[in-house]
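Hello,

I am handing over the structure we talked about, and my notes on it follow below. Please have a look at it first, and then read on with the picture open beside you.

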Amino acid sequence: MMVEFHWRLPTHGDRADVSLPYDTRGDWGPLKAGNQAPGLAQGEPDGIPYHDHLLEIARAAELAGFDGGLVPSFPNTDDPWVISAAIARRTKTFKFMIAFQPAWIDPAYAAKASASLQRLSGGRLNFNIITGGGGPSQLWWGDRIAHDDRYTRTTEFLDVFKGLWDGKPFSYQGKFFQLEDAQLPAPLAGQAFPSLYFAGSSNAALEAQGKHADFNLTHMEPLENLRIKFDRVRELASKEGRKVKPAVRFNILARETEEEAWDEVRRAWANVDWDERDRQLKARGRGDGIGSPLPPHLIPSRDKDPKDLQIDGFFSGLGVLGGQGTPLGVVGSYETAAERIDTLINLGVEGFILAGSPHLEEAYRIGEEVIPLVRGRKVPYAAAAE
């Protein structure tokens, strides 16, 4: 079993140390002493845009042995298509995984832009297909489509995207998209088709994944929840005559010893601005996305000991220490981190998206110290999973 490892590019800024409560790298956070590449220093341009720092992270991940990296997209980020095109020209093997929602772009135009990126990069484009979790963040994009209809739209989008790929005239009549005799120009047709990492946990999401996804991408959840979800995706994919591989994303903080890793957590825990965290959670609001919420005893708060926030060997507190998105992650020695990854591989996981703050230094650390321990196991992955 071939396992893919991807890193994450922080297109919204980054902190120089996991213990800092704010970003100091890039101009996405407030300008403070110690900022790297602030964009404007003393009112004058410094000539070092944050894009250069993202390129260094991509190069670090490439040199450290990662297959590629996720390029996220939120209201508060750079555009992943622009960043990916810039990275493609300055890297050699790094696969850039563009995150986007089908609501943002016409599928025919997306197919043309994607084929152009494949041609430009030598076939290094992947996608993280996001259908959206509703609520205020969905309204930011002007998208008011109901939950299940969003997945219908995503399915139609990918029908059209794939239908155009070989360059033959293609027509389609759906609820959201209609086109007649569209086709890609000859130089763009026939490029390597990008891998589709597909996020979503609802029945509508899993059915769409069964039809189109290469990877079912999920945030880290308790292991039993993952088993149930992976089995459901396999069942739905088999009805379409396809195989969809499980993939997991999470944050990771690994050091030479367990004590060093947890000391880092406690150092950072002491600097968390819990009042600001509460304000951000309230402002974010709730959408209609379906996932597996953490039980109350695993929800981080100022009065809890970090070591008490663990389930199945995964820690639920990295989200308050600059870890974006995923509720559970890994804290421990390099060997412990590799063992946690092996646990997931034995569960059938074939794709990983990892992250750690600061992303530049941690890309080297995880690539050099953790991933070789996973890939160097004596028991083949296929045998270990049986």
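**Helix H2 and its surroundings**

In helix H2, which covers residues 80–88, the buried residues are Pro80, Trp81, Ile83, Ser84, Ile87 and Ala88. Looking down the axis of H2, you will find these buried residues within an arc of 165°, so they line one face of the helix. Please keep in mind as you read that this is a predicted model.

What does that face pack against? The buried residues of H2 pack against helix H1 (50–63), helix H3 (107–121) and three strands, namely E4 (68–71), E5 (95–100) and E6 (125–129). The N-terminal end of H2 is capped by Asp79, which has a side-chain oxygen 3.1 Å from the backbone nitrogen of Trp81.

There is also a link between H1 and H2 that you can pick out by eye. His51 lies in helix H1 and is partly exposed, with a relative accessible area of 41%. Leaving aside residues up to four places away in sequence, His51 touches Asp78 and Ile83. With Asp78, the side chain of His51 makes a polar contact of 3.3 Å. Ile83 is 32 residues from His51 in sequence, and their C-alpha atoms are 7.3 Å apart in space.

**How H3 sits between its partners**

H3 is a good helix to follow next. The axes of H2 and H3 are 10 Å apart and make an angle of about 20°. That angle makes H2 roughly parallel to H3, and the crossing of H2 past H3 is left-handed. At this contact, H2 brings Trp81, Ala85 and Ala88, while H3 brings Ala110, Ala113, Ser114, Leu117, Leu120 and Ser121. You have met Trp81 and Ala88 already, among the buried residues of H2.

H3 also packs with helix H5 (residues 147–164), at an angle of about 45° and with the two axes 8 Å apart. H3 and H5 are therefore oblique to each other, and H3 passes H5 in a right-handed crossing. Here Pro107, Ala108, Ala110, Ala111 and Ser114 in H3 meet Phe157, Val160, Phe161 and Leu164 in H5. Ala110 and Ser114 are named in the contact with H2 and again in the contact with H5.

**Two buried residues worth a click**

Which residues surround Phe66? Phe66 is in the loop between H1 and E4, and it counts as buried because its relative accessibility is 4%. Not counting residues up to four places away in sequence, Phe66 touches Phe5, His6, Trp7, Ala61, Leu354, Ala363, Ile366, Gly367 and Ile371. One of these, Ile366, is 300 residues from Phe66 in sequence, yet the two are 9.4 Å apart in space, C-alpha to C-alpha.

The other one is His212, in helix H6 (residues 203–212). His212 counts as buried, with a relative accessibility of 4%. Its side chain is joined to that of Asp159 by a polar contact of 2.8 Å. Apart from residues up to four places away in sequence, His212 touches Thr155, Leu158, Asp159, Lys162, Leu196 and Arg242.

**Backbone details**

Most residues other than glycine have a negative phi, and most peptide bonds are trans. With that in mind, here are three places to look at.

- The peptide bond from Ser357 to Pro358 is cis, with omega near -5°. Pro358 is in the loop between strand E15 (351–355) and helix H11 (359–375).
- Asp181 is not a glycine, but has a positive phi of about 50°. Asp181 is part of strand E8 (residues 178–182) and is exposed, with a relative accessible area of 54%.
- Asp312 is not a glycine either, and has a positive phi of about 55°. Asp312 is in the loop between strand E12 (310–311) and strand E13 (314–315), and at 39% relative accessibility it counts as partly exposed.

**The chain as a whole**

To finish, here is the wider view. The protein chain has 12 helices and 15 strands. Of its 386 residues, 52% count as buried. Taking the contacts between residues at least 6 apart in sequence, 72% join residues at least 24 apart.

Happy exploring, and best wishes!

Note on methods: Residues numbered from 1 in each chain as written. Predicted model: local features only at pLDDT ≥ 70, side-chain atom pairs only at ≥ 80, totals over all residues. Heavy atoms only, no water. Buried < 20%, exposed > 50% of the residue type's maximum accessible area, 1.4 Å probe, protein only. Helix = DSSP H or I, 4+ residues; strand = E, 2+ residues; numbered from the N terminus. Arc of directions from axis to C-beta. Contact = heavy atoms within 4.5 Å. Polar contact = N/O pair within 3.5 Å; in protein donor to acceptor, adjacent residues only side chain to side chain. Axes fitted to C-alpha atoms, helices over the stretch in contact; angles between N-to-C directions. Parallel < 35°, antiparallel > 145°, perpendicular 65-115°, else oblique. Left-handed = near helix turned anticlockwise from the far one by under 90°.
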